[in-house]
Amino acid sequence: MFRTSLIYKLFIVSFFYIFTSFSAFALTVGFAQIGAESSWRTAETESIKAEAKKRGYTLKFSDAQQKQENQIKAIRSFIAQGVDAIILAPVVETGWERVLREAKRANIPVILVDRGISVDDDSLYFTKVASDFIFEGRLAGSWLAQSLHGQGAVVELQGSTGASAAIDRQKGFKEIVDLFPKLSIIASQNGEFTRTKGKEVMEAFLKAHGEKIDAVYAHNDDMALGAIQAIKDYGLVPGEDIKLISIDAVKGAFEAMVDGDLNATVECNPLLGPLAFDQIELAVAGKTAPKWVVQNDLIHYRENAKETIGSRKY
Ligand code: GYE
């Protein structure tokens, strides 16, 4: 009798111990995502959802349909629900101070993923997990300058207005192009990071400049894939008559490189889930992190696409 009750008590005590320690670590995290404009973003969303599941965390997910006001609303609702941390993929660079101050006041750490923000007070967020877009633009510019032997007319498909990914990819690319007096960007327009808009803008570029265009620089693969279609419809050969380089390195870009339509793509890794949750755990434990956890990117060429396509993870 005595023994059974002792075992019984021990069982209850250890059960409560396990339960309380487990629930202390089972965090609730809000994720204010931008939308689903590109295959890159879909891969990022999946990575963050999968990582939350793997760690046994609850993820509250919000899709802002490309609108900053929706992201701000989502953040406010996460604060009201008392989440342990917030992941924010900021659609644009500016206008975040007020809502981030609210999160700070509520003691909820904010982890930025994939894009950056411009604020005077960087204590408004814990850290940023993202690629270096200026570097990506420079890499794309260097490839293009070389492959055109420093001479030619380039059209640029920009990412959505105000996004750090668009601002910096433009900046880095232009820096390199400006080094070559005979290389110029003859047109540059917003293609909203989507395949549909990329095709539409490329159609307009072709109508205005036709065969004068030597190359396309697209801020993401989806827009390049749309442009490839427009070039084919116009009766030119993408990858040959008009060279194309874009950024992201998603599966669709590799398929286009295998087909010969796309010349090169700069990698921008969207599988940010593990790194983002590592930062959350540091924040919740009261530790510090560098202000920018940089992802390293490289360039892929169509010449090697057949060998590498099989090992791609997104
Ligand atoms: O390159 C593009 C997307 O913010 C890095 O957003 C991200 C960019 C990515 O929709 O495809």
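## Two domains

The protein is split into domain 1 (28–131 + 270–296) and domain 2 (133–268 + 300–311), with bounds that come from an automatic or database domain assignment. This is a predicted model, in which local features need pLDDT of at least 70 and side-chain atom pairs count only at pLDDT 80 or more, while totals for chains, interfaces and linings use all residues. Residues are numbered from 1 along each chain as its sequence is written, and side-chain values use heavy atoms, with hydrogens and water left out.

The C-alpha centres of domain 1 and domain 2 are 29 Å apart. Domain 1 brings 12 residues to the contact and domain 2 brings 17 residues, where contact means heavy atoms within 4.5 Å.

## The interface

About 1200 Å² is buried between domain 1 and domain 2, and carbon and sulfur atoms give 52% of this area. Buried area is the accessible area (1.4 Å probe) that two parts lose on being put together, summed over both. Of the area that domain 1 buries against domain 2, 41% is supplied by Trp40, Arg115 and Ser131, more than by any other three residues.

The rule finds zero salt bridges across the interface of domain 1 and domain 2; a salt bridge is a side-chain nitrogen of Lys or Arg within 4 Å of a carboxyl oxygen of Asp or Glu. Four residue pairs are in polar contact across this interface, both residues being at pLDDT 80 or more. A polar contact is a pair of N or O atoms within 3.5 Å; within protein, one must be able to donate a hydrogen and the other to accept it, and residues adjacent in sequence count only if both atoms are side-chain atoms.

## The ligand

The residues around the ligand (a heavy atom within 4 Å of it) include Trp40, Arg41, Arg115, Phe133, Asn220 and Asp248.

Oxygen atoms of the ligand lie by three polar side chains. For Arg41, the distance from a side-chain N or O atom to a ligand oxygen is 2.9 Å. For Arg115, a polar side-chain atom is 2.7 Å from a ligand oxygen, and for Asn220 the corresponding distance is 2.9 Å.
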